[in-house]
Amino acid sequence: MMPADNHTFFVPVTFILTGIPGTEESQVWISIPFCLMNVVSLFGNSLLLFIILTERSLHEPMYLFVSMLAAADLLLSTTAVPKMLAVFWFRAGEISFAACLTQMFFIHVSFMAESAILLAMAFDRYIAICDPLRYTIILTKSVIGKMGLAVVTRSFCFIFPVTFLVKQLKFCRTNLLPHTYCDYMAIARLACDDITVNLWYGIAMAILVIGLDAVLIALSYGLILRAVFLLPSKDARLKALRTCSSHLCVILMFYIPSFFSSFAHRFRHIIPGYILNLLANLYVFIPPMLNPIVYGVTTKEILKRVINVFYRSCSRSSLLS
C-alpha cells in the first residue's frame, strides 16, 4: 500500500494486481478453465497462422484476413494471460508502472485491431458476394497489405494517447489495482485527479471506433443479405450464406461480450465488482479461444489442411517408433 494521505501525490513505481475482487479464496480454481482456454487459444491460433502462411493455396484475401485475426488473438493472449495466471497461482500481482502501461497498450491495441480486421473481413465478404467478378481485381495482395498497415496504424494512433493520458495522472490513495490485467479505466479510477478527460476519451474511442466498426459491419451484412435473397436458386443462396457463417459467429463472439461489459460498467454502482471483472475477462479469453475453432470447423479448406498436418505428424511419430 502507498500512503493514504490524499494530499500526498506520487508516481507509482509499481501496481499490484489483486485479481478478481471477492474471489480470493477460489482464484486457483478459477484459473483452471482460464489456463485451459489459453492453451487452446495459443495452440489453435498458432496452428491457424502456420497453416495459412505455409499453404500457398490459402494465400487468398479471406484467409489472409483470418491470419491477421489469429495474430491479433495471439498478441492479446500472450500480453494479458501470463501475468493473470501468475496472480491466480502465485499471488505475484506486482507489476512495474512501465510494464503495466506496456501491457495496457498492447491489450487495447489488439482489441482495436481485431475490430478493424472484422470490418475488413465484412468488406471482403461484401465484395465476394455482391461483386464477385471484380473480387480479385479489388482485393489484390497489395491492397490487403495496405489494409493490414491501416489496421495497425489506426490502433496505434488511438491507443497511444491513452498511454499519455495515464502518465499525466497523479495518484495518492493506493497502488492496488482490483483487476486481473492493466485496464485503462481501472488505472484511471485509482487517480486523485479529475479523470473527466480520460472518461470522455474512452467513450469517444468506443463510439467512434468500435461502435462505428459495428455499424459498418451491420450495413455491409444488410447489403449482403439483400444480394443473397435476390439470387435465383435456393442452393446459391445457401452457399452464399455458408461462406458468411463463420465470420458472423466470430463477429458475435467479439462484440457481444464487449457490449455487455460496457453496458454493465454503466451500472457498476449496483453490479458486484467480481461480475464486472469476469465480464472484462470474457473478451480476453472467449474470442481468441473460439475463433480458430470456428474457422477450423466451418471452413473446409482450413479443416482439410489441419487434418493433413495431424496425419503427417502421426505418420512421422509411427515411423520413428
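Here's a quick tour of the sheet, the aromatic pairs, one pocket and two loop residues. Keep in mind that this is a predicted model. At the sheet end of things, three strands line up in the order E2-E1-E3, and helix H3 lies across them. Elsewhere there are 12 aromatic pairs to look at, plus a pocket of about 650 Å³ that ranks as the second largest.

**The sheet and its helix**

- The sheet is open, and its three strands show mixed pairing. Strand E2 (94-96) and strand E3 (176-177) sit at the edges, so to speak, each pairing on one side only.
- Strand E1 covers residues 14-17 and runs parallel to E3, with two bridges joining them. If you want to find this spot on screen, look for isoleucine 16, whose bridge partner in E3 is leucine 176.
- As general background, strands of a sheet pair through backbone hydrogen bonds, and they can do that parallel or antiparallel.
- Helix H3 takes in residues 97-130 and lies across E1, E2 and E3. The angle between H3 and E2 is about 85 degrees.

**Aromatic pairs**

- Two numbers describe a pair of aromatic rings: the distance of the centres and the angle of the planes.
- The count here is 12 aromatic pairs. One of them is phenylalanine 34 with phenylalanine 88, a tilted pair at 5.9 Å centre to centre and 45 degrees between the planes.
- Phenylalanine 34 belongs to helix H1 (residues 27-54) and phenylalanine 88 to helix H2 (residues 61-90), so this pair ties together parts that are 54 residues apart in sequence.
- Buried or exposed, what are the two rings' residues? Phenylalanine 34 has 9% relative accessibility, so it counts as buried. Phenylalanine 88 is buried as well, with a relative accessible area of 1%.
- Tryptophan 89 and phenylalanine 90 make an edge-to-face pair, with 6.2 Å between centres and 80 degrees between the planes. Tryptophan 89 is partly exposed, because its relative accessible area is 40%, while phenylalanine 90 is exposed at 61%.
- There's also an aromatic cluster made up of Phe105, Phe106, Phe156 and Phe160.

**The second largest pocket**

- This pocket has a volume of about 650 Å³, and 19 residues line it.
- Which residues come closest to its centre? They are Met62, Arg125, Lys239, Arg242 and Thr243.
- Four helices each supply at least two lining residues: H2, H3, helix H8 (234-266) and helix H10 (300-320). H8 gives the largest share of the lining, with seven residues.

**Two loop residues worth a click**

- Alanine 191 is in the loop between helix H6 (184-188) and helix H7 (196-229). With a relative accessible area of 5%, alanine 191 falls under the 20% cut-off, so it is buried.
- Setting aside residues up to four places away in sequence, alanine 191 touches Leu169, Lys170, Phe171 and Arg173. From alanine 191 to cysteine 172 it's 19 residues in sequence, and 6.9 Å in space from C-alpha to C-alpha.
- Threonine 23 is found in the loop between E1 and H1. Its relative accessibility is 12%, so threonine 23 counts as buried too.
- Not counting neighbours within four places in sequence, threonine 23 is in contact with Ile30 and Tyr274.

How values were computed
Residues numbered from 1 in each chain as written. Predicted model: local features only at pLDDT ≥ 70, side-chain atom pairs only at ≥ 80, totals over all residues. Heavy atoms only, no water. Pairing = 2+ DSSP bridges. Contact = heavy atoms within 4.5 Å. Axes fitted to C-alpha atoms, helices over the stretch in contact; angles between N-to-C directions. Phe/Tyr/Trp six-rings, centres within 6.5 Å; stacked < 30°, edge-to-face > 60°. Buried < 20%, exposed > 50% of the residue type's maximum accessible area, 1.4 Å probe, protein only. 1 Å grid on protein atoms, 1.4 Å probe; cavity = no way out; pocket = protein on both sides within 12 Å on 5 of 7 lines; lining within 4 Å. Points joined across faces, edges and corners; volume = space filled by probe spheres on them.
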